[in-house]
Amino acid sequence: MIRVCVMGAAGYLGGELLRLLLGHPGTEVARAVSTRFPGRRVDSVHPNLRGRTALAFSSPDDLDACDVLLMATPHRTTMTLLPEVRRHARTVIDLSGDFRLPDAAVYERYYGVPHAAPELLGEFVPGVPELFRAELAGADLISVPGCTATAAILALRPLAGLVGPDVQIDARTGSSGSGALAGDANLHAERSGAMRVFAPVRHRHEAEVSRLTGLNARMTATGVEAVRGVQVVCHATGAADERTLRRAYREHYGGEPFVRIVAHRTGAHRLPDPKLLSGSNYCDVGFAADGDRITAIAALDNLVKGGAGAAVQCLNVRTGQPETLGLEFPGLHPI
Amino acid sequence: MTLTCPECEGPVELAEPVRLSEIAQCADCSSELEVVGLDPVALALAPEIEEDWGE
């Protein structure tokens with residue numbers, strides 16, 4: 001069994017990590033670390049885990065040796081913790097934004113503070129098995145991209161060479177992306193029914209998407225009514241027709257266990273829709289073309305393929321287990 | 001027998017014997033396809049009613 005510890009285990013991503021890892025036949029959850037709730041039962045904070053574990057949250061001081069340490073701690077905090085806690089584990093998988101960008105100056109531009117551990121920035125392998133499977137198999141430091149970044153990267157990667165360098169990404173996200181400590185702006189009275197454009201320019205995931213696709217990505221992001229889910233609609237310019245696009249997507253994702261090509265001509269769900277993906281580790285990608293206009297679409301569950309599920313997929317690759325282990329849930333319909 | 005979808009080039013399985021006007025659906029792009037010839041067997045997009053989500 002792979003012995004795992006989760007830091008930041010009381011948050012939404014931490015809860016999803018625990019849900020997936022407790023159901024995973026190859027992992028043993030040794031510690032669920034929380035600074036807010038040490039000593040309290042895990043299922044008192046994550047009620048969906050009632051009957052699945054008797055584990056109580058640990059204090060960060062109790063962290064001890066494990067095979068894989070998963071960091072679901074906040075941006076700006078993780079970079080101060082990681083240099084110290086990494087000694088407890090052979091492999092660290094970070095879900096925060098702190099080690100996604102290899103350049104400290106770019107980090108400061110997008111996150112607003114200087115990086116606290118710039119010497120580690122170049123050591124992380126991006127947690128995208130579809131692009132870095134071979135590197136992840138030997139990686140000791142893994143950084144999972146943001147949820148909208150993962151969707152955009154998987155939507156756009158097959159288009160490299162087929163579209164011009166500039167791409168505009170319109171991202172929509174559910175409220176769980178704001179985390180479990182969301183502020184006044186996320187009160188139900190404020191959020192319900194809203195379509196809040198919270199990042200009209202310079203979303204912080206632009207840099208990750210540009211880095212991993214080779215395109216010049218510009219992103220806007222809007223919070224919508226859903227609790228879970230991310231959808232990106234990406235606009236680009238190129239000469240490829242739909243048949244060429246489908247060939248490119250098949251070439252990239254034909255053998256991928258968690259990327260499905262959804263560009264259908266019939267049915268109620270012809271293009272990727274996050275509603276169908278709640279709880280699943282799938283990312284659905286689709287496309288359309290008209291003249292020189294190309295639109296790429298992707299959807300995923302922000303807490304699963306956009307976070308905890310991607311981390312577990314990376315864990316499987318790193319530890320030599322079947323990549324789909326513990327991640328087989330297909331989602332619900334209707335929901 | 002396996003044919004190629006005229007819409008997306010995906011594989012389309014047809015049970016034999018194939019009949020003229022038989023309808024099949026492509027698993028890759030969900031297009032409804034109609035058998036429009038038997039010698040050789042040929043597929044074409046079946047007529048469809050466009051869906052409109054209030055646009």
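This passage describes the domains, the chain contact, one helix and two buried residues of a predicted model.

In the predicted model, chain A is assigned two domains, with domain 1 spanning residues 2-123 and domain 2 spanning residues 147-300. The C-alpha centres of these two domains of chain A are separated by 26 Å. Contact between the domains involves nine residues of domain 1 of chain A and six residues of domain 2 of chain A. On the side of domain 1 that touches domain 2, helix H4 of chain A, residues 104-111, gives the most, with three residues. The residues on this side of domain 1 of chain A comprise six nonpolar, two polar and one charged.

A record also bears on this part of chain A. An unreviewed UniProt entry lists residues 3-139 of chain A under "domain: Semialdehyde dehydrogenase NAD-binding". In the model, residues 3-139 of chain A are 28% helix and 20% strand. The C-alpha atoms at the two ends of this stretch of chain A lie 17 Å apart.

The second chain can be described by its secondary structure and its contacts. Chain B contains zero helices and five strands, and its elements follow the order β-β-β-β-β from the N terminus. Of the 55 residues in chain B, 16% are buried. Among the contacts in chain B with a separation of 6 or more, 17% join residues that are 24 or more positions apart. Where chain A meets chain B, seven residues of chain A and eight residues of chain B take part in the contact. The side of chain A that touches chain B is made up of one nonpolar, three polar and three charged residues.

Helix H9 of chain A illustrates how a helix can present two sides. Helix H9, residues 242-253 of chain A, has 12 residues. From first C-alpha to last, H9(A) reaches 16 Å, close to the 16 Å expected at 1.5 Å a residue. Three residues of H9(A) are buried, namely Leu245(A), Arg246(A) and Tyr249(A). Viewed down the axis of H9(A), the buried residues fall within an arc of 100 degrees, so they line one face of the helix. Arg243(A) and Glu251(A), on the other side of H9(A), are exposed. The packing partners of the buried residues of H9(A) are three strands of chain A: S12 (259-261), S13 (283-290) and S14 (293-300).

Helix H10 of chain A, residues 304-319, includes Arg318(A), and Gly306(A) also belongs to helix H10 of chain A. Gly306(A) counts as buried because it has 32 C-beta neighbours inside 10 Å. Beyond its neighbours within four places in sequence, Gly306(A) is in contact with Cys147(A), Thr150(A), Ala151(A), Val230(A), Leu300(A) and Asp301(A). Gly306(A) and Gly177(A) are 129 residues apart along the chain, and their C-alpha atoms are separated by 9.6 Å.

Arg318(A) likewise counts as buried, because 23 C-beta neighbours lie inside 10 Å. When residues up to four places away in sequence are not counted, Arg318(A) touches Thr91(A), Leu136(A), Ala137(A) and Ala139(A). Arg318(A) and Val113(A) are 205 residues apart in sequence, and the C-alpha to C-alpha distance between them is 31 Å.

How values were computed:
Residues are numbered from 1 along each chain as its sequence is written. Chains are lettered from A and ligands numbered from 1 in the order in which they are written. This is a predicted model: local features need pLDDT of at least 70, side-chain atom pairs count only at pLDDT 80 or more; totals for chains, interfaces and linings use all residues. Domain bounds come from an automatic or database domain assignment. Two residues are in contact if their C-beta atoms, placed from the backbone, lie within 7 Å. Helices (H or I, at least four residues) and strands (E, at least two) are DSSP runs, numbered from the N terminus. Ala, Val, Leu, Ile, Met, Phe, Trp, Tyr, Cys and Pro count as nonpolar, Asp, Glu, Lys and Arg as charged, and the others, Gly among them, as polar. The expected span of a helix is 1.5 Å times one less than its number of residues. A residue is buried if 20 or more other C-beta atoms lie within 10 Å of its own, exposed if 12 or fewer, and partly exposed in between; C-beta atoms are placed from the backbone. The arc is that of the directions from the helix axis to the C-beta atoms. UniProt positions are given in the numbering used here, feature names are shortened, and annotations may be inferred rather than shown by experiment.
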